[in-house]
Each structure stands twice: as structure tokens, then as C-alpha cells.
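Today I sat down with this model to look up a few side chains and the pocket. Here are my notes, in the order I made them.

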Amino acid sequence: MAAGISIRRALLPALLVLLPAPVLAQSAFDDCAAQAASQYEPGYESIGRDMTAMDAGLAVEACERALGENPDNVQVKGWLARAYTWAGETAKAVPLYEAAAAGDNVVALALFGDMLIVGDGIDADLARGTEMLQRAADLGFAPAQNSLGLSYDIGEGVTQDHQQAARWYRAAAEQGLPRAQANLGLMYMLGLGVDLDYVAAAAWLQRAADKGDAKAQYNVGYIYEMGLQVPVDHYLAANYYRLAADQGDMFGQNGLGYLTEHGLGVDADPAAAAALYQQAGDQGLAVALYNLGTLYEAGKGVGKDEAKAFELYTLAAGAEDMDAAVNLGLMYLEGRGTAADPALALEWTQRAADNGHAVGLNNLGHIYEHGIGVTADLAQARSYYQQAADQGYALAADNLARLDQASEPDPSTFPNGGYAPLTEPYPANKLDG
């Protein structure tokens, strides 16, 4: 929002003529601040704005004029660098960031620190970028505190330390930074760096969601979908997922797609679900690619197309989605959507089993029981069935009981002869880390 000038006027006697208030000229410095300051800078809370809310052209124009009048002002340099960054003129921004950061300008320290860490328009320098974030965080700048928290959260430029991550997220969250509130809520949700506490998670996430943070909106939806210390409410879950999805959030798109596919909280509409999965999949979300693959395999909401399902499972499994690895193994096993290939069936099923996936473990037991691409080994088969049964997977328990009774396998009594395709996420795992 543009800066405004509030002029307080006393009430004048009724018989006096009210003269118009004089128009006060705003300085070039003030114009620059109004266009490019951050709302987390002390003194600029009321006029500062997110970078995404800046008009890059107006901000550059105002701050170039301000720098012409104040060539040594580090604050103006930081704002102009911020404006150049949003305008995509990184080469012009870098020298200004350097100069402003040398003067401990928090905007420059935070933004230039992030650029150095990710190598955005400049050679990456994790150590220097982290040092800049630390300086800005120590000076109380919320965006830098959140970025430093993220560095500790993922171990980027520093040793991974979830307690430190939660500490810095909290410092920024308490200043009202929505993304930090979302991050802190997720730490409580996962029990990372803080005690697992769904009530605290929901409180922080709700604050961020109310401010429009898509990550928080998604996770509030997940809390309602899963019933994490609240009653399960698919209607509310769908509403929050939709808020996130409407902002292009791939997790929100996938979550809303899942509820839409199954008619949970919304009318069932497999075709609409497919469109949502596609949007998330186009952003590289593996579970969405898997979910879309199940629709093509079943011909649900889309035309049945096993070759397309195979393609989607391959993409998702390559991105480490173990549900997709299970189904990819089965397609190679059965020659659906691709040529049968026992070796690749074993490879993908083994990968899922090695990750503790119950259906993958069961299916690997089937492969060893029947010697498909391997030497038949009933002891191995029993071991895999047992591991799957220990997770509560009923088909594996049935297979184990059959082996323990030393009966001959009767494919007619077991779906697919004792192995299973996976048509829904197992287990459902849509958490945004």
C-alpha cells in the first residue's frame, strides 16, 4: 500500500472559514521507503510491503531518485537493491547489496545472504551468506531469522540443528512473519526441535493461514483431514486445501485432488481430481504423479491408459515415491503398460520393500515364493510376509498363514495370487516438509 500522510486538525469554531490543508511534498527518501521498504524494518511497519507486493518499476524509479539525493545512504541502497532484485536486475543489485550490507543494513544482509546461499544470480557462498543472515537475525530482522531457521532446519551452511531452527522460527513468528509462523507450526506438528504438540501446531499454523500463507493453509487442512487433536472434518480440510491450491501450492492441489477423487468433504469428481493431480504433478510432486497414475490405470475420471499410468509411475518412483515403486514393479511383473521384465519387477519391488513399505514387502514375498526372476526361497518369502504382516497388512498375514500351514498355494483364493496392486496412497503422506 502507498504511504499516506495523516494530518491531525483541531476543530475550528463554526463561524471561521475552513481553509484547505496544505499539500505537503514527500521527500525522495520517503517515496523510496513507501515503494521498497520491508514491513519488518523498525519504523516502517505501516508502509513496508512484501517484495511480491512491490511495483518494481515505481520502486526502482523512486529509489534511484532517492539515491541521487542521498548517495551515501545505506538504507536507500538496500531498498534500491531490493527493487532491482524484484525487477530482475540482479547485476545492478549486487554492488548495492555489498555496500548496504557493509553498513549493517538488515534488508541487504537478509536478501544478499539468501542470494549467496542459493547462488541466485551470483556464485554461491554458503559461509558468507550464512554469516550475513546471522548478522541480520541478531539485529532482529524477522525475514533473516526465518531464513536462518531454515538453514538450521535443513543443514544448509550450518550443522543441522532443529532446536536452533525452532528458536529462530519462533523469533520471526513472534514478529508476525507468516512463513515463520507456518514453519514453527510444522515443527510442532512433526515434533522437530520442540515437543510434538498438535494444539500449538494448529495455533501457529492458523495465524499464518489467516494471513494467506499457502503452506500453512495446506497444513491446517491436513490437521482437519487427519483429525490431529481435532475432530476429522473433511469439509474444512477441503476448504483449506482449496485456499492453498488457488495460490498454486502443489500440496494443496494434491490434497484437494485426493478429497475430490474420493468425495470427502466435496462432491466426488474424478475428472476434477485428475486435473488437480496434473497441476501438482506438473510442479514435480511425486505423490500427485502417483495418484494421477492410479486414475489412468483404473480409467477413473480419465480414459483407461496403462501406458500413461506406467509413465507416471516411472516418474514418481524415480522421485522416491514408494507407492509408485510398488505399482511400477507390478506392471513390470504382469507386462501391463510395458513389456514384462522380471528383473525390473524385482528391482522396484525390492526398493519399496527396503523402505519398509508393507505392500512392497508382501509382493517381494510373492516373488521369492514363486521364484519370479530369482531362485525360489520360502524362508525369504516367509520373512517378507512376516514383516508386512507385522505392519497390519492383512493379505501378508493370509500369505504367511498359508505358508505356515505348509499348504500348496491356490491362486484362486488370493487376489492376484497373493500379491496386490496399490490404488491409493499407502500410507497417506501429504505432509509438506
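I looked at Asn 73 and found a polar atom of its side chain 2.9 Å from the backbone nitrogen of Val 76. The backbone nitrogen of Gln 75 also lies 2.9 Å from a polar atom of the Asn 73 side chain. Asn 73 sits in the loop between helix H2 (56-69) and H3; helices here are DSSP runs of H or I with at least four residues, numbered from the N terminus.

A note on the source: this is a predicted model, where local features need pLDDT of at least 70 and side-chain atom pairs count only at pLDDT 80 or more, while totals for chains, interfaces and linings use all residues. Residues are numbered from 1 along each chain as its sequence is written, and side-chain values use heavy atoms, without hydrogens and water.

Is Asn 73 buried or exposed? I found Asn 73 partly exposed, because its relative accessible area is 24% (buried is under 20%, exposed over 50%, partly exposed in between, with a 1.4 Å probe and protein chains only). I also checked Phe 29: its C-alpha atom is 9.6 Å from that of Asn 73, though the two are 44 residues apart along the chain.

Next I turned to Glu 297, which belongs to helix H15 (residues 286-298). Glu 297 counts as buried because its relative accessible area is 11%. Which residues does Glu 297 contact, leaving aside neighbours within four places in sequence? I listed Lys 304, Ala 309, Tyr 313, Asn 327 and Arg 336, with contact meaning heavy atoms within 4.5 Å.

Key: Helices (H or I, at least four residues) and strands (E, at least two) are DSSP runs, numbered from the N terminus. A polar contact is a pair of N or O atoms within 3.5 Å; within protein, one must be able to donate a hydrogen and the other to accept it, and residues adjacent in sequence count only if both atoms are side-chain atoms.
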